[in-house]
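Dear colleague,

Please find below the structure that I am handing over to you. I would be grateful if you could keep it open while reading the remarks that come after it.

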Amino acid sequence: MKAKGLYFSSYVLWLLLFVLAPVALILYQSFISINGNFTITNYENFFKIVAYLRMTFNSVFYAGLITLITLLISYPTAYFLTRTKYKQLWLMLIILPTWINILLKAYAFIGIFSQAGPVNNSLEWLGLGSHQLLFTNTSFMLVAAYIELPFMILPIFNAIDELDESLINVSRDLGANKFQTFWNVTFPLTLNGIKSGVQVVFIPSLSLFMLTRLIGGNKVITLGTAIEENFLVTQDWGMGSTIGVILIAAMILIMFLTGEKKRRGR
Amino acid sequence: MVESIITFRNVTKKYKDTVILENISFKLEKGKFYTLLGPSGCGKTTTLSLIAGFMEESSGDILMNEQKINHIPANKRKINTVFQDYALFPHLNVFDNIAFGLKIKKKSKKEIKEKVNEALKMVRLPDFGDREISEMSGGQKQRVAIARALVNEPEVLLLDEPLSALDMKLRKEMQYELRELQKRLGITFIFVTHDQEEALAMSDEIFVMNHGKIIQRGTPTAIYDEPLNRFVADFIGESNIVEGTMMADEQVKFAGKTFECVDGGMEENEPIEVVLRPEDIEVTTAQKGKVVGTVISQLFRGVHYEIVCTDIDGNEWKIRSTKKVKVGANVGLDFDPEAIHIMRFNETETEFYQRLENYQGS
C-alpha cells in the first residue's frame with residue numbers, strides 16, 4: 001500500500017510540475033497585457049486583428065491538408081503492410097526515421113530540395129529544367145507529411161492487423177464484393193485507428209513553426225510561428241500565451257470530436 | 001438419379017507442399033443434412049471453405065447444380081456460412097447484421113424489414129433487432145448468425161462447428177433446433193463437427209474424415225454399427241476392438257473361442273479385427289458367459305456403470321451395464337451374434353460396401 005502511494009505521489013508531482021503548473025502559468029500570462037495590466041485585451045485583440053484570424057485559418061487549413069495527405073498515403077500503406085510476409089520488419093523500417101531529430105530531417109530536406117539538390121538534378125537530367133522547390137507551400141506540406149507519416153501509419157496498421165479475418169469472409173459470404181466489403185466492414189471497423197492517427201497528426205501540425213520557417217520559407221504563418229514571434233521577437237508574452245491557450249482549447253476540441261464515442265445501447 | 005446440389009470431382013487442396021485434401025469426390029443431394037466429422041486437421045473445414053469459395057482448390061472440380069463453380073467468387077455463390085466464432089459485425093446491431101446481405105443486394109427498405117423480422121422470429125429472437133451484439137449471450141449470437149445466413153435464402157447452408165462454443169445444455173437444444181429448421185426449410189445443410197454425438201444425432205448422412213480423406217460415408221446407424229476400420233470405430237462412440245481370425249463365413253475366432261457372427265465374404269483364416277460396442281455386452285455369471293473376464297475397475301457414470309474386464313488372453317473389455325459388479329470378481333460376458341462386427345485390415349470404403357452387398361446378396 002505504502003509503495004503504491006509513493007508511486008502515485010511521484011506521478012501527481014510530475015503532473016503538477018510539468019502539466020498543470022505550465023498550463024496555469026500560460027493561462028495566467030494570457031491575461032497580462034503588454035503593459036503588465038491584468039485584462040482580457042489579448043483575447044479581444046486575437047479575435048479583432050485580421051492577421052491573427054488569418055493565422056488561425058492558415059494553421060487549421062494546413063494542418064488539415066497535412067493530415068489529409070498523410071491519411072491518404074498511410075491507409076493504403078498500412079493495409080498492404082498487414083498483408084506482407086515480414087510485416088513487423090517493414091513497420092520497423094517505417095518507424096525508424098522517427099528516432100532522428102526533426103531538425104536534422106528538416107536540414108536534410110533543405111539539401112534535397114535545394115537548387116543543386118538531387119531532385120533538381122534529376123529534373124534537369126530528365127530535361128524538365130530546375131525549379132524553385134524550397135520555400136514553397138508544396139515542399140512545406142510534403143516534408144510535414146513525411147515527418148508525420150509514421151504516426152498515422154502505426155495506429156491504422158494496428159487497427160487493420162487486429163481486424164478479424166472471418167468478418168471479411170462473412171461479408172464476402174453474404175454477397176459483398178471486395179469494394180463493398182471494404183466500405184461496409186473494413187473501413188468502419190478500422191475507423192478508431194484513423195481517429196487516433198488524425199489526433200496524433202492534426203494536433204501537432206497546428207503549431208508547426210520550425211518547418212514553416214526552414215522549408216516553407218515563412219510564407220505560411222501559422223499560430224506556431226506567431227507564438228514564437230511573440231515570445232522571442234516582440235517580447236509580448238501575454239499575447240503569445242493567449243495564442244497558446246487558444247491552441248490548447250482547439251486541441252481539446254479536436255480530441256473531443258475524434259474521441260471514441262460511447263456506443264448507444266440499452 | 002436424384003439431383004445433386006454439390007459435387008466434388010477429384011478435388012485436391014495443397015498448401016505449399018502439404019496436402020490438406022487428397023483427391024476427394026462426393027455428391028450431395030438436395031435437402032439433406034450432411035455432416036463432415038473428423039478430428040482437427042482432417043480437412044473438414046477446408047472442404048467447407050472450398051464449397052463457400054473462400055479458398056480455391058489445387059486441382060479437381062467443384063460443381064453446384066451440375067455447374068462448375070471453381071472460379072465463381074464467394075459473393076456470387078448461393079451458399080451461406082455460419083462461422084464457428086459467429087463472426088458477427090461488432091459495429092452493427094442485430095437488425096443490421098441480419099440485414100447486411102439484403103442491403104448489399106439493394107433490396108427495398110420495406111422488404112429488408114419484413115425479411116429480417118421474419119428471420120428473427122424463425123430463430124426465436126423477435127424484438128431483439130435493436131440490441132447491440134455485445135449485449136447478446138453466446139446462444140443468442142449463434143441464432144443471429146444463423147438468421148443472418150438464412151435470410152439470404154441460400155440453397156446450401158454451411159455450418160462450421162457452430163455449436164462448439166456453447167455449453168452442454170444449450171448445445172443439445174440447438175441440435176434439435178437446427179435439425180428442425182433444416183427439415184422445415186428443406187435447405188441442404190453441411191455441418192462440420194468433431195463431436196461424434198452431435199453428428200449421429202443430427203445427420204442424414206455422415207462423412208468421416210481423416211488426414212484429408214473421406215474414410216467412410218453413410219447414415220449414422222450404418223457408420224455406428226458397421227465401422228470400416230479401427231479409426232472409425234474408435235472415433236464414433238466407444239468400442240472394444242480385439243484381434244481375431246475369420247474361420248469361415250459367419251464363424252469368427254477371438255478370445256480363444258469360435259463364435260457365430262453375421263459377417264462374411266472374407267478369406268478363410270484371414271486375420272481380422274472384431275468390434276464389440278460396450279453397450280452390446282451383458283454381464284452374467286462366469287458359467288453362462290461367452291467370454292470370462294476379471295473385473296479390474298468400475299466407474300459410476302449416472303445412467304450406467306462403466307466396467308473394465310480382462311480376459312485370459314489379456315484383452316481389455318469395456319462394458320456398460322446398469323448392474324453393479326464387484327471389482328476382482330470373475331464375470332461372464334454375453335453378446336449376440338449380431339453385436340459382433342468384423343473389420344478387415346486395409347479394406348477401402350468401396351471394397352467394404354461391395355463385400356457387404358455381395359455377401360448379403362448371396
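The remarks below deal with the interface, then with chain B as a whole, and lastly with two of its residues.

Please note at the outset that this is a predicted model, and that the values quoted are computed from it.

**The interface of chain A and chain B**

The size of an interface is often given as the accessible area lost when the parts come together. Here, about 2,100 Å² is buried between chain A and chain B, and carbon and sulfur atoms give 54% of that area. Two elements of chain A, helix H8 (165-173) and helix H9 (178-189), each supply at least two residues of the side that touches chain B. H8(A) provides the largest share of that side, namely seven residues. By character, the residues on this side of chain A comprise seven nonpolar, eight polar and six charged. In terms of contacts, 21 residues of chain A meet 28 residues of chain B.

As to specific interactions, four residue pairs are in polar contact across the interface, with both partners at pLDDT 80 or more. The count of salt bridges between chain A and chain B, by contrast, is zero.

**Chain B as a whole**

Chain B contains nine helices and 20 strands. Its C-alpha trace spans about 75 × 45 × 40 Å along the principal axes. Of the 362 residues in chain B, 52% are buried. Among the contacts in chain B with a separation of 6 or more, 67% are between residues 24 or more positions apart.

An unreviewed UniProt entry carries the annotation "domain: ABC transporter" for residues 6-236 of chain B. Over that stretch the chain is 36% helix and 27% strand, and the C-alpha atoms at its two ends lie 25 Å apart.

**Two residues with a positive phi**

Most residues other than glycine have a negative phi. Two residues of chain B may therefore merit your attention when you inspect the backbone.

Ala87(B) is not a glycine, yet has a positive phi of about 50°. Ala87(B) sits in the loop between strand E6 (79-82) and helix H2 (94-104) of chain B. Is Ala87(B) buried or exposed? Ala87(B) counts as buried, because its relative accessible area is 4%, under the 20% cut-off.

Asn269(B) also has a positive phi, near 60°. Asn269(B) belongs to the loop between strand E13 (257-260) and strand E14 (270-276) of chain B. Its relative accessibility is 49%, so Asn269(B) counts as partly exposed.

With kind regards

Technical notes
Residues numbered from 1 in each chain as written. Chains lettered and ligands numbered in written order. Predicted model: local features only at pLDDT ≥ 70, side-chain atom pairs only at ≥ 80, totals over all residues. Heavy atoms only, no water. Contact = heavy atoms within 4.5 Å. Buried area = accessible area lost by both parts, 1.4 Å probe. Salt bridge = Lys/Arg side-chain N within 4 Å of Asp/Glu carboxyl O. Polar contact = N/O pair within 3.5 Å; in protein donor to acceptor, adjacent residues only side chain to side chain. Helix = DSSP H or I, 4+ residues; strand = E, 2+ residues; numbered from the N terminus. Nonpolar A, V, L, I, M, F, W, Y, C, P; charged D, E, K, R; others polar. UniProt positions renumbered as here; feature names shortened; annotations may be inferred. Buried < 20%, exposed > 50% of the residue type's maximum accessible area, 1.4 Å probe, protein only.
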